Amino acid sequence: MRVRMLILLFFVVVICLVGGRLGNSLLKRLHSLRVEPVACPSAVFPNASAESVSILMLGDSRVQLWREPKVGAGYFVINAAVGGYTTAQVRIQTEICGLPAADYAFVQVGINDVYSSCFLDVDRDVVVAKAKHNIEEMARKLSGVVRVLVLSTVAPPGTPDLIRRMYVDERLWDDVAELNRFIVNLCRRNGYRLIDLNGLLSGHDKRRLDEKFVDRDFFLHFNEKAYGVLDIEFGRIIKGEACER
């Protein structure tokens, strides 16, 4: 009996210690967000030669996990993307942060807006409309500080696992398609460069992320093979612009 009590006491102590550490970590995160609610690019581009190219990257975890494009040597990259960011947060980045002037800016955002609406009692049409407005405003702001603005369509989610299927609404994929129609038209109207990740990474049905590009841990994320496609497409834009110059 005494041994069982000691074992139980041991596990209680362990749980308290772990819970305390997690609680302290979350509290620090909360206060850091109160002090600096938006992640601003803190770095500045170094003085570069005429041959070098500077790249600013903004968006959510899909861009954050890309880290930097593999497009060759002589490129200076600031990846200011933040996991979990919505179009509203990226728009705020472009409005309140002193964004560094860059040769290129790459933006992919929107999946978290429509994914979050699966959990909230909200009008999905309103969520999509706000996302469109945010994308248009951030693009307008960025186009004034970078030489070439590159927008990406929103690659669709992959197939969720059995547990996530319980709360992921099928309309999520419809919302992604609606956002993508807007992004394509926005680029056509304003002369922004476009990488159609929706077309490049979706499967045969053009509705879900192709399984060969899905991260095995989370159905919204890309794997390294998908980032290889991004490297190629972004490299084509840069090389094409260089030829035009």
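**View 1. A nonpolar patch on the surface of the predicted model.** Six residues build this patch: Phe 119, Leu 120, Val 122, Ile 163, Met 166 and Tyr 167. The patch covers about 640 Å². Find Val 122 in the loop between helix 4 (111–116) and helix 5 (124–143). Val 122 has a relative accessibility of 37%, so it counts as partly exposed. The cut-offs explain this label, because partly exposed covers the range between buried, under 20%, and exposed, over 50%.

**View 2. A salt bridge between two strands.** Side chains of opposite charge can pair when their charged atoms come close. The structure holds 11 salt bridges. One of them joins Arg 147 and Asp 103. Their closest N and O atoms are 3.7 Å apart. Arg 147 sits in strand 4 (residues 146–152), while Asp 103 sits in strand 3 (residues 102–108). The pair therefore ties together parts that are 44 residues apart in sequence. Is Arg 147 buried, exposed or partly exposed? Its relative accessibility is 38%, so Arg 147 counts as partly exposed.

**View 3. Glu 178 meets Lys 132.** The side chains of these two residues form a salt bridge, at 2.6 Å from N to O. Which helices hold the two partners? Glu 178 belongs to helix 6 (residues 171–190), and Lys 132 belongs to helix 5. The pair ties together parts that are 46 residues apart in sequence. Now look at how each partner is covered. Glu 178 has a relative accessible area of 29% and is partly exposed. Lys 132 has a relative accessible area of 19% and is buried. The label for Lys 132 follows because buried means under 20%.

**View 4. Arg 189 pairs with Glu 136.** This salt bridge has its closest N and O atoms 3.6 Å apart. Arg 189 is in helix 6 and Glu 136 is in helix 5, so the pair ties together parts that are 53 residues apart in sequence. Arg 189 is exposed, with a relative accessible area of 51%. Glu 136 counts as partly exposed, at 32% relative accessibility. The label for Arg 189 follows because exposed means over 50%.

**View 5. Salt bridges joined into one network.** Which residues make up this network? They are Glu 170, Asp 174, Arg 207 and Arg 208. The salt bridges here share partners, and that sharing joins the four residues into one network.

Note on methods:
Residues are numbered from 1 along each chain as its sequence is written. This is a predicted model: local features need pLDDT of at least 70, side-chain atom pairs count only at pLDDT 80 or more; totals for chains, interfaces and linings use all residues. Side-chain values use heavy atoms; hydrogens and water are left out. Patches are made of residues with over 30% relative accessible area and no salt bridge: like charges are joined within 9 Å, nonpolar side chains (Val, Leu, Ile, Met, Phe, Trp, Tyr) within 5 Å. Accessible areas come from the Shrake-Rupley method with a 1.4 Å probe; for residues, only the protein chains shown count as cover. Helices (H or I, at least four residues) and strands (E, at least two) are DSSP runs, numbered from the N terminus. Buried means under 20% relative accessible area, exposed over 50%, partly exposed in between (1.4 Å probe, protein chains only).
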